[in-house]
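Trainee: Please choose a single part of this structure and take me through it slowly. I would like to follow it outward, one step at a time, into whatever lies around it.

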Amino acid sequence: DTSTGVHTILHSFASGSDGALPYDGLTSNLSDSLFWGTTNEGGTADRGTVFKLDLSSGVETVLHSFTGPPDGSSPIGGVLISDSVGSGGNIYGTTVQGGAHGYGSVFEISAAGAETILYSFTGGADGYGPEGGLATDTAGNLYGTTSYGGANSGMGTLWKLSTGGTLTVLHTFCSQAGCADGATPTGPLYGNGDGGLIGTTISGGAYGGGVAF
């Protein structure tokens, strides 16, 4: 509470079926008291979870427990939700491992709680190990990064996933001499309002300390 300084624990993860190690922050649709997030471990198979937290009641609900290939495994990034997720929208995110090939996945969870793997990374030109959160556009396409791999010994990729499930690599990092364009993106992406994307890499750039792109 910013007015009183009172600190309140809303939920303590028990490293069991409720999940463990929530790396990223929470996401809200700002219309009610519900928040969504991921844990990197825990769940029924100890491969991580997607959960919902109701601030009004303090109740945490696991929406999906990842089980590993061909399902996803070990999400690090948060989730992207539609504005209407509380009344029929979907939840989207990535896992750093798992999927059909073991190199990570993009997943969707419906309002009814059904999980679908939308794309499994191959570890080739599409990269592997997506750690950051997703962005979207008005047509429903998803945008994200992989932290590693890509064509020509790249150091991560920036990609677009169409509503039909086709993934297009928009940029492979470390494609410039000295990795001047950056390397190893791990953070979330943001739309800049005019069709562009903004993000960061943790290394590369003119001084080797990462870039904002």
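**A strand and its surroundings**

Mentor: In this predicted model, let us begin with strand β9, which covers residues 105–109 and has 5 of its 5 residues buried, so the strand is largely enclosed by the rest of the structure. The cut-off behind that word is worth keeping in mind, because a residue counts as buried when its relative accessible area is under 20%.

Now look at the directions of the side chains. In a regular strand the side chains alternate between the two faces of the sheet. Along β9, Ser105, Phe107 and Ile109 point one way, while Val106 and Glu108 point the other way, and all of these residues are buried. Please notice that Glu108 is among the buried residues as well.

The next step is to ask what lies beside the strand. Strand β7, made of residues 91–95, pairs with β9 in the antiparallel sense, and 5 bridges connect the two. If you want one place to look at, find Gly93, whose bridge partner in β9 is Phe107. Strand β10, residues 115–120, also pairs with β9 in the antiparallel sense, again over 5 bridges, and here Glu108 stands opposite Thr116 of β10. The connection between β9 and β10 can be followed along the chain, since the two strands form a hairpin with 5 residues between them, and in the turn Gly113 has a positive phi of about 95 degrees.

With these pairings in view, you can place the strand in its sheet, an open one of 4 strands in the order β6-β7-β9-β10, with antiparallel pairing. The edges of this sheet are β6 (80–81) and β10, each of which pairs on one side only. At the β6 edge, the pairing with β7 is antiparallel and rests on 2 bridges, with Leu80 standing opposite Tyr92 of β7.

Leu80 also leads us to the largest pocket, which has a volume of about 230 Å³. This pocket is lined by 14 residues, and those closest to its centre are Val79, Leu80, Leu134, Pro188 and Leu189. Taken as a whole, the lining divides into 8 nonpolar, 5 polar and 1 charged residues.

From Leu134 in that list, we can turn to the neighbouring stretch of sequence, where strand β11 (135–136) stands at an edge of another sheet. This second sheet is open too and has 4 strands in the order β11-β12-β13-β14, with antiparallel pairing. Its edge strands are β11 and β14 (167–172), each with a single partner strand, so one side of each is left without a neighbour in the sheet. The partner of β11 is strand β12, residues 142–146, and the two run antiparallel, joined by 2 bridges, with Ala135 opposite Tyr143 of β12.

Further along the chain, a disulfide joins Cys174 to Cys179, with an S to S distance of 1.7 Å, and the count comes to 1 disulfide. Its two ends fall into separate classes of accessibility: Cys174, at 23% relative accessibility, counts as partly exposed, whereas Cys179, with a relative accessible area of 18%, is buried. The contrast is a matter of the cut-off already mentioned, because buried means under 20%.

Key
Residues are numbered from 1 along each chain as its sequence is written. This is a predicted model: local features need pLDDT of at least 70, side-chain atom pairs count only at pLDDT 80 or more; totals for chains, interfaces and linings use all residues. Side-chain values use heavy atoms; hydrogens and water are left out. A disulfide is a pair of cysteine sulfur atoms within 2.5 Å. Buried means under 20% relative accessible area, exposed over 50%, partly exposed in between (1.4 Å probe, protein chains only). On a 1 Å grid over the protein atoms alone, a cavity is a set of points where a 1.4 Å probe fits but cannot get out, and a pocket is an open set with protein on both sides within 12 Å along at least five of seven lines; lining residues have an atom within 4 Å of a point. Grid points are joined across faces, edges and corners, and a volume is the space filled by probe spheres set on the points. Ala, Val, Leu, Ile, Met, Phe, Trp, Tyr, Cys and Pro count as nonpolar, Asp, Glu, Lys and Arg as charged, and the others, Gly among them, as polar. Two strands pair if DSSP finds at least two bridges between them.
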